[in-house]
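These are my notebook entries on a structure that I examined element by element. The sequence and coordinates I worked from are placed below.

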Amino acid sequence: MSETYVRRGREQTTAGGFIVVAISALAAVLVIAGLIYAAGTSERHKQVLAAAGCEPNLSPSGLPCTTVQMLTSRYIKISAPVTEQLNTDMAAYTANEWHRLGAAKAALTAEVTIENSFETSLARFPFPPAVAPLAKALIQADQASAKLTAEQARSSSLTQLRSFNGRAKAASAAVRTDMKLMRKALETRPTASQEP
Amino acid sequence: MATTRDYEPDLYPGDASNTWNVEEELTAGRELQRRAAKSGVDEWMEVEFKFGGSRVKRKAVALILLGAPAALPLFFMLPALLTMNENTFSGSVDDTLGTGAEMCLFLCLLITPLVMITGQRWFVPLRRWYGIMMACCAIGDALAAGLTDTFAGGFLGRVAGHSFELVGFIMVMLVIPLLLTGNHWAQRKLGRYWKPLQRLTYVIWGLLAVHLMLLEGFKFQHGGNGSGFAGDGDPVFHQRFYQYSVCSLFLLTLRLPPVKRWIAARQSEGRNWLVYLTIMPIFALFVFGFTFIVSEEIFKGVDSFTEHPSNE
């Protein structure tokens, strides 16, 4: 094995060393630059959303873009059918509360079903942090109303059934008031102090 | 693509063991050392354990776990395929299957450098699997684009009517012979022509750069214009050509003959730690870029799976 041959071999490995070290240094710089750039992600995310008319503080679930209108319309989509159905069920109950126990109980049972499904929808709804306390109050009011209506539906006589009317009306009114308050709160653009 | 069940180093393009022939004595010493180094993990992987009523090799479990994610892009498109949802196909098939094909290509190309660095060979069968998945994703992408895209010009116009599509179409045409010959039978029949044919993988790798350059350009998004749109405020990380470049840097560097010689020399000296230390930043950059490719795949894939294709 000649000396030249060995020297050439060494030179070849040295060249490889230079290449890999140079690329490695470049890669290290890029990784560090990437990490620094990544540190500003949150701020850039808010700017991008704001530029597109989205509300960064209305996107608690990681939705790419949520506007006040989008959130309100989504809320109306779940609350409007509930209000409509509850009105129908209450009308059916009122029509039967003096004469037909079976029909009145069926109307109340339907009311319980719709109240429970509304509670499930509310629990899944991406409420922004600013309205979270109101959302909690609405869910609690709905739960209380559903519980009372279920109890009323178990009545064995028309007199017993009607004895719940006062409390049931108050519970239902509380739910409707909270629903209105929630809609108003969602329609109001959050202030900077309400940032998450 | 170029993988067989029983791995033979000289059958694969760019394999580490092809390139070191400076000194025979050194080569023999290095080979011995490499075999000794690989035997630890490779032998551990060969050990069988009891699972249910049968005996399963650890390697089999590891290969299944590492190979399964490559099938995800096709899995994501399954609901749209079963329901023939044209909206999902036209909206996100190119992202789901195109990104999936890119992901599988990088995984396929990652095997050789990993064999060279670690000296382990138990994961070599994954190269074939990733290659097959890459081909399936690429062909699926082209078919779906041809059938559901909104571009004019019929099927051919939709798959090759624009410059970036034409490059993509050529890539798909090249992937077909690779898919057809990626098996033992074809390897035996083609003999010495098999290896050069499998090197088409490198042509596809290069064409992917052209495809992404034409698709995304070199710039990233500013305001409402440019590539790499992302609601998360990270347009640089979502720029596909950047992702490709940082991933390719690692894969290409470790294929350069002088670098391979340098690595082999350090390994023969018993200084593999120096190799690990030196390539760590390049590998970190690869992981950085690859993470965003995977993130893109999952984001778009889940949208496709739920049949609510993303507009991003």
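Entry 1, a loop residue. In this predicted model, I located Met84(B) in the loop that joins helix 3 and helix 4 of chain B. I then asked whether Met84(B) is buried or exposed. I found 8 C-beta neighbours inside 10 Å, so Met84(B) counts as exposed. I also looked up its backbone: phi of Met84(B) is near 50°, which is a positive value in a residue other than glycine.

Entry 2, the helices on either side of that loop. I noted that helix 3 of chain B covers residues 72-82 and helix 4 of chain B covers residues 86-118. Their axes lie 9 Å apart, and the packing angle is about 165°. Angles over 145 degrees count as roughly antiparallel, and helix 3 and helix 4 of chain B are therefore roughly antiparallel to each other. I recorded their crossing as left-handed.

Which residues make this contact? From helix 3 of chain B I listed Pro73(B), Phe76(B), Met77(B) and Ala80(B). They meet Thr88(B), Phe89(B), Val93(B), Thr96(B), Leu97(B) and Gly100(B) in helix 4 of chain B. By class, I counted seven nonpolar residues, three polar and no charged in this contact.

Entry 3, a serine in helix 4. I next turned to Ser90(B), which lies in helix 4 of chain B. Ser90(B) has 16 other C-beta atoms within 10 Å and is therefore partly exposed. I checked its distance to Asp149(B), 59 residues away along the chain, and the two C-alpha atoms are separated by 5.3 Å.

Entry 4, chain B as a whole. I recorded 13 helices and two strands for chain B. Chain B has 312 residues, of which 42% count as buried. Among its contacts with a separation of 6 or more, 69% are between residues 24 or more positions apart.

Entry 5, a helix pair in chain A. I looked up helix 5 (residues 132-153) and helix 7 (residues 165-187) of chain A, which pack at about 155° with their axes 9 Å apart. This angle therefore makes helix 5 of chain A roughly antiparallel to helix 7 of chain A. Here too I noted a left-handed crossing. The residues on the helix 5 side of chain A include Leu134(A), Leu138(A), Asp142(A) and Leu148(A). Among those they meet in helix 7 of chain A are Arg167(A), Val175(A), Asp178(A) and Met182(A). I recorded 15 nonpolar, four polar and three charged residues in the contact of helix 5 with helix 7 of chain A.

Note on methods:
Residues are numbered from 1 along each chain as its sequence is written. Chains are lettered from A and ligands numbered from 1 in the order in which they are written. This is a predicted model: local features need pLDDT of at least 70, side-chain atom pairs count only at pLDDT 80 or more; totals for chains, interfaces and linings use all residues. Axes are lines fitted to C-alpha atoms, for helices over the stretch in contact, and angles run from 0 to 180 degrees between N-to-C directions. Angles under 35 degrees count as roughly parallel, over 145 as roughly antiparallel, 65 to 115 as roughly perpendicular and the rest as oblique. A crossing is left-handed if the near helix is turned anticlockwise from the far one by less than a right angle, and right-handed if clockwise. Two residues are in contact if their C-beta atoms, placed from the backbone, lie within 7 Å. Ala, Val, Leu, Ile, Met, Phe, Trp, Tyr, Cys and Pro count as nonpolar, Asp, Glu, Lys and Arg as charged, and the others, Gly among them, as polar. A residue is buried if 20 or more other C-beta atoms lie within 10 Å of its own, exposed if 12 or fewer, and partly exposed in between; C-beta atoms are placed from the backbone.
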